[in-house]
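Colleague: I would like a close look at one part of this model. Please start with a single side chain, then work outward.

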Amino acid sequence: MAEAISSFWGPVTSAEWCEKNYVYSSYIAEFFNTVSNIPGILLALIGLINALRQRFEKRFSVLHISNMILAIGSMLYHATLQRVQQQGDETPMVWEMLLYFYILYSPDWHYRSVMPTFLFLYGAAFAIFHALVRFEIGFKVHYVILCLLCVPRMYKYYIYTKDASAKRLAKLYLATIFMGSLCWLFDRLFCNNISQWYFNPEGHALWHVLMGFNSYFANTFLMFWRAQQLGWNPKVAHFMGFFPYVKIQKPKTQ
């Protein structure tokens with residue numbers, strides 16, 4: 001995209017999206033794609049506070065923190081449009097999916113030290129490889145494969161969940177990822193047409209917002225399921241009658 005005003009960060013060295021660069025500030029290349037990550041950070045912070053307050057397993061605190069790191073990395077990438085910052089966005093995306101993989105599959109994994117060791121080494125190897133080699137399509141295919149590997153276990157958890165409110169969280173997870181993916185594809189595939197419009201719907205920014213909610217719904221559903229596995233009598237409560245979170249009641253022995 002053509003630059004509207006001077007760039008503080010210099011020439012673009014990363015992939016660009018369908019938003020005009022440096023329209024509102026010389027310090028922010030893609031304004032809407034940058035600020036649209038803020039809801040994801042706030043939602044992850046809410047999830048982290050709930051996980052710490054109710055003393056969920058540390059894996060969920062790490063998961064919420066990883067959501068925040070990913071959103072911050074995305075902000076830096078879209079604000080600068082530099083290759084290093086793009087890697088700082090994409091590498092945490094893979095690390096986050098590996099963490100989801102661990103949370104989903106570890107309860108039934110008999111060799112407890114094997115999975116985290118393998119996932120850690122895999123994540124480290126990917127980070128090094130991604131820093132040395134630039135592969136845009138390969139990265140997207142790799143990321144989609146990681147997402148698809150999580151689907152069977154998510155589906156298993158869904159069908160074994162009897163609580164209607166928890167099932168609603170899973171449905172919201174599916175709805176937000178579906179709508180977000182449509183926004184992402186629309187922005188990517190039809191950018192030439194969108195650029196001619198008087199108003200740009202900012203599909204990639206909408207993707208960020210929807211994926212912030214998507215991560216929150218996924219995390220909340222997984223917290224409910226894990227609490228159910230541990231016998232913590234979970235319930236989906238709603239803050240101010242709207243915002244869902246998991247409320248648990250641990251046995252007195254715990």
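Which backbone oxygen does the side chain of Gln87 reach, and at what distance?

Modeller: Bear in mind that this is a predicted model. The side chain of Gln87 reaches the backbone oxygen of His130, at 2.8 Å. Gln87 itself sits in helix H4, which spans residues 83-105. Gln87 is buried, because its relative accessibility of 14% falls under the 20% cut-off. What does Gln87 touch once neighbours within four places in sequence are left aside? The contacts are Pro92, His130 and Ala131. His130 therefore appears twice for this buried residue: as a contact of Gln87, and as the owner of the backbone oxygen that the side chain reaches.

Now the charged side chains. The model has two salt bridges. One pairs Arg59 with Glu57, with the closest N and O atoms 3.6 Å apart. The other pairs Arg226 with Glu57, and there the closest N and O atoms are 2.6 Å apart. This second pair links distant parts of the chain. Arg226 belongs to helix H9 (residues 203-229). Glu57 lies in the loop between helix H2 (38-53) and helix H3 (58-80). The two residues are 169 residues apart. Through shared partners, the salt bridges join Glu57, Arg59 and Arg226 into one network.

Are the two arginines buried or exposed? Arg59 has a relative accessible area of 17%, so it counts as buried under the 20% cut-off. Arg226 has 14%, so it is buried by that cut-off as well.

Next, the surface. Helix H7 covers residues 164-189 and contains Leu174. Leu174 is exposed, because its relative accessibility of 53% is over the 50% cut-off. Along the chain, Leu174 and Leu52 are 122 residues apart. Their C-alpha atoms are separated by 26 Å.

Leu185 is in helix H7 too. At 39% relative accessibility, Leu185 is partly exposed, because that value lies between the 20% and 50% cut-offs. Which residues join Leu185 in a nonpolar patch on the surface? They are Phe186, Leu189, Phe190 and Trp197. Together with Leu185, they have about 500 Å² of accessible area.

To return to the starting point: Gln87 is a buried residue of helix H4, and its side chain reaches His130 at the backbone oxygen.

Conventions:
Residues numbered from 1 in each chain as written. Predicted model: local features only at pLDDT ≥ 70, side-chain atom pairs only at ≥ 80, totals over all residues. Heavy atoms only, no water. Salt bridge = Lys/Arg side-chain N within 4 Å of Asp/Glu carboxyl O. Buried < 20%, exposed > 50% of the residue type's maximum accessible area, 1.4 Å probe, protein only. Helix = DSSP H or I, 4+ residues; strand = E, 2+ residues; numbered from the N terminus. Patch = residues over 30% accessible without salt bridge, like charges linked within 9 Å, V, L, I, M, F, W, Y side chains within 5 Å. Areas by Shrake-Rupley, 256 points an atom, 1.4 Å probe, with all protein chains shown as cover. Polar contact = N/O pair within 3.5 Å; in protein donor to acceptor, adjacent residues only side chain to side chain. Contact = heavy atoms within 4.5 Å.
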